[in-house]
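Colleague: I should be grateful for a close look at a single part of this model. Please describe how that part is placed and what lies beside it.

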Amino acid sequence: MFVLTIDQRGSRRNGDRVPELLAAFEDVWPGAVAGSAVPRPEGVVLGFERTVGDEVQGALDDAGLAVAIVLRVLRAGGWSVGIGCGRVDEPLAETSRAASGTAFVLARDAVEAAKSRQRVVPFAVRGAHHQAGLDAEAVLTLVAATAARRTAAGWEAVDAVDAAGPHARQEDVAAAMGITQQAVSQRLRTALYDEARAASGAAARLLLAAQG
């Protein structure tokens, strides 16, 4: 299981952003928030909810979805993110706040580590298999750091390709954006789009291994 603990940074300066984060989750992954009116999406075991203060937590059984959520939160900025990989106590409670187990303890350790000012990216992984967790952290940190260097034009192309789906042609994406196919290709290369996707897949496999 993968438990994500997400803690707001600088809440005294910026106000409570938890409702904003939960609304974004529900917009991208309908049903991913606890208490949603629609069924939970595949991969979400316990919907995301406020646990205490300005902290959000949820539990997943899909490593790829965990990677996608982490990268979206880090892109938004203003959050420390920790992933705990391991077992949960059965029978599983109905909410993240009531649940327990190794993955929850490790997620707490991870988010506390993510808060370190020495980290360029406020993110950490702790796993039942310790080294695999650190390896997953290293790969995802590089992906997030690479994404943080993208220009607005680069993000526009990345978002357009992602929205079009895995089988979309660059020509069609370019037409929708009103630019040339060559321009789309150049933006994606500069954004290291293919490299980031490959590394994200590797990170998901490492998260699986980190469960022990």
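The request concerns one strand and its surroundings.

Colleague: How many residues of strand 4 (residues 79-85) are buried, which strands are joined to strand 4 by bridges, and by what path does the chain cross from strand 4 to strand 5?

Modeller: Please note that this is a predicted model. Seven of the seven residues of strand 4 are buried, so strand 4 is largely enclosed by the rest of the structure. The covering applies to both of its faces. On one side lie Trp79, Val81, Ile83 and Cys85, and on the other Ser80, Gly82 and Gly84; all of these are buried. A residue counts as buried when its relative accessible area is under 20%.

Strand 4 is also paired with two strands, which may be taken in turn. Strand 1, residues 2-8, is joined to strand 4 by seven bridges, and the two run antiparallel. In this pairing, Ile6 stands opposite Val81 of strand 4. Strand 5, residues 123-127, is joined to strand 4 by five bridges, and here the strands run parallel. Gly82 of strand 4 stands opposite Ala124 in strand 5. Between these two parallel strands, the chain leaves strand 4, passes through helix 4 (residues 102-114) and arrives at strand 5. This β-α-β crossover is left-handed.

Taken together, strand 4 has buried residues on both faces, an antiparallel pairing with strand 1 and a parallel pairing with strand 5.

Methods. Residues are numbered from 1 along each chain as its sequence is written. This is a predicted model: local features need pLDDT of at least 70, side-chain atom pairs count only at pLDDT 80 or more; totals for chains, interfaces and linings use all residues. Side-chain values use heavy atoms; hydrogens and water are left out. Buried means under 20% relative accessible area, exposed over 50%, partly exposed in between (1.4 Å probe, protein chains only). Helices (H or I, at least four residues) and strands (E, at least two) are DSSP runs, numbered from the N terminus. Two strands pair if DSSP finds at least two bridges between them. A crossover is right-handed if, with the strands pointing away from the viewer, the path from the first strand over the helix to the second runs clockwise.
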